[in-house]
Each structure stands twice: as C-alpha cells, then as structure tokens.
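Colleague: I've got a protein model open and I'd like to learn how to read it. Can you walk me through it?

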Amino acid sequence: LFRSTQSSMEAEGGGAEQGLPTEHVPSEENVGAKENAPEILSEEEQEELKRELEKVEEEIQTLTQVLAAKEHYQAEIKKKLGITTLTELKQNISKGFQDVASTTAYKKTSETLSQAGQKASAALSTVGSVISKKLEDVKNSPTFKSFEEKVETLKTKVGGTKPAGGDFGEVLNSAANASASEPLIEHKPDTQ
C-alpha cells in the first residue's frame with residue numbers, strides 16, 4: 001500500500017526523498033501572500049483546486065493508514081523481541097538522564113554543588129575543631145577544676161572510700177543517690 005502511494009506520488013511529480021509531493025507544497029512566503037491578497041479565481045481554477053484538495057485529502061488518508069500499519073508492525077516486532085512498554089520507559093528515562101547530564105548547565109551545576117559540599121564539609125570540620133578546643137579550654141579552666149575538686153570531695157564524703165578517677169557522670173549519679181538516701185528533715189515554722 002505504501003509503495004503504491006509513493007509510486008503514484010512520484011509519478012505525479014512528487015518528491016522522491018520522503019514520498020511526499022513537493023511541487024504543490026506552499027512555502028511560507030506564498031501562504032502569507034495568498035492570505036493577505038485573496039485571488040479572484042475563475043470557475044475552472046476553482047474546480048482544479050477542488051480536485052487537487054480531494055487528491056491531497058486522499059493521500060493524507062492513505063498515509064494515515066500506512067502509518068497505522070507500520071505502527072502495528074512495529075508493535076509485533078517489539079513483542080517478538082520481548083521489548084515491553086516498561087523496558088522502553090526505562091530506556092527513555094536513561095537516555096533522557098544521559099542527555100541532561102551531558103548539558104553544560106548540568107555540568108556547571110554539578111561542579112558548583114560539589115564545591116559547595118566541600119566548603120560546607122570544611123566549615124563543619126572547623127566548627128567541630130573549635131568546639132572541641134573550647135571544651136578542652138573549659139575543662140582546663142580554674143573554675144572547672146575547682147568545681148571538679150568540690151565534686152570529688154563530695155564524692156568522698158558521700159560514697160566512702162571508692163577509688164578515685166571515676167568519670168564525672170558517675171560522680172554526679174553517686175552524689176544524687178547519696179542525697180536521695182538521706183532522711184528529709186522537716187522544718188516546722190515556729191508557732192508562738
């Protein structure tokens with residue numbers, strides 16, 4: 001069907017490249033000129049144009065049928081090859097991503113984000129170092145050492161003779177336990 005359509009078009013002076021007639025295809029310049037200045041056509045010219053219109057519509061109908069047949073044949077081939085819609089979708093997505101990834105904009109954005117990530121990582125590392133140094137400074141400060149000595153003294157008084165060197169959390173827990181086990185003394189207000 002397609003070949004007979006193509007042959008008939010070529011015989012009528014159509015383009016052989018794609019099987020489409022080229023002599024009757026209006027250019028953009030011709031279309032614009034005809035729209036702006038309508039021609040006065042004789043009856044013979046009108047009849048000729050009507051026949052030409054019918055012929056073009058028939059060719060469009062034929063090409064539509066040929067296209068439908070080709071699409072059906074394509075579907076059969078894909079089915080035989082085991083190519084499913086999902087497979088095609090995956091391939092299209094993969095190709096689309098590759099196309100996007102190859103663009104200059106994507107590459108520049110990727111580089112910028114990579115540099116920003118490196119800078120953020122360096123900044124966080126610096127902040128972590130500063131915090132560690134500050135905590136070390138606090139630990140070595142005279143105020144903290146004085147507080148630590150007082151906690152050790154309290155630990156010794158409350159907990160008895162335990163080996164020194166427990167961590168700060170243990171000291172606080174033992175102090176809390178010791179104060180919880182002490183009896184509460186109520187103070188009654190003087191009633192005079």
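**Reading salt bridges along helices**

Modeller: Let's start with one pair: lysine 133 and aspartate 137, whose side chains meet in a salt bridge, 3.8 Å from N to O. Keep in mind that this is a predicted model.

Colleague: What makes that pair a salt bridge?

Modeller: The idea is a distance check: a side-chain nitrogen of Lys or Arg has to sit within 4 Å of a carboxyl oxygen of Asp or Glu. Here the N to O distance for lysine 133 and aspartate 137 is 3.8 Å, so the pair counts.

Colleague: How far apart are lysine 133 and aspartate 137 in helix H5?

Modeller: They're 4 residues apart in helix H5 (residues 104–140), so about one helical turn separates them.

Colleague: And is lysine 133 buried or exposed?

Modeller: You compare the relative accessible area with the cut-offs: under 20% is buried, over 50% is exposed, and in between is partly exposed. Lysine 133 has 54%, so it is exposed. Its partner aspartate 137 has 38%, so that one counts as partly exposed.

Colleague: How many salt bridges does a search of the whole structure find?

Modeller: It finds 4. One of them joins lysine 95 to aspartate 99, with the closest N and O atoms 3.2 Å apart. These two sit in helix H4 (residues 85–101), and being 4 residues apart there puts about one helical turn between them. Try the accessibility reading again: lysine 95 comes out at 48%, partly exposed, and aspartate 99 is partly exposed too, at 38%.

Colleague: Which residue forms a salt bridge with glutamate 48?

Modeller: That's arginine 51, with the closest N and O atoms 2.9 Å apart. Both lie in helix H3 (residues 43–81), with a spacing of 3 residues, about one turn of the helix. Glutamate 48 is partly exposed at 41% relative accessibility, and arginine 51 is partly exposed at 47%.

Colleague: Now zoom out for me. How many helices and strands does the protein have?

Modeller: There are 7 helices and 0 strands. Walk along the sequence and the pattern reads α-α-α-α-α-α-α.

Colleague: What share of the residues is buried?

Modeller: Buried residues are 8% of the 192 in the protein. As for surface, the protein exposes about 16,700 Å², and carbon and sulfur atoms supply 57% of that.

Colleague: And what about contacts between residues 24 or more positions apart?

Modeller: For that, take the contacts with a separation of 6 or more: residues 24 or more positions apart account for 29% of them.

Terms used: Residues are numbered from 1 along each chain as its sequence is written. This is a predicted model: local features need pLDDT of at least 70, side-chain atom pairs count only at pLDDT 80 or more; totals for chains, interfaces and linings use all residues. Side-chain values use heavy atoms; hydrogens and water are left out. Buried means under 20% relative accessible area, exposed over 50%, partly exposed in between (1.4 Å probe, protein chains only). Contact means heavy atoms within 4.5 Å. Accessible areas come from the Shrake-Rupley method with a 1.4 Å probe; for residues, only the protein chains shown count as cover.
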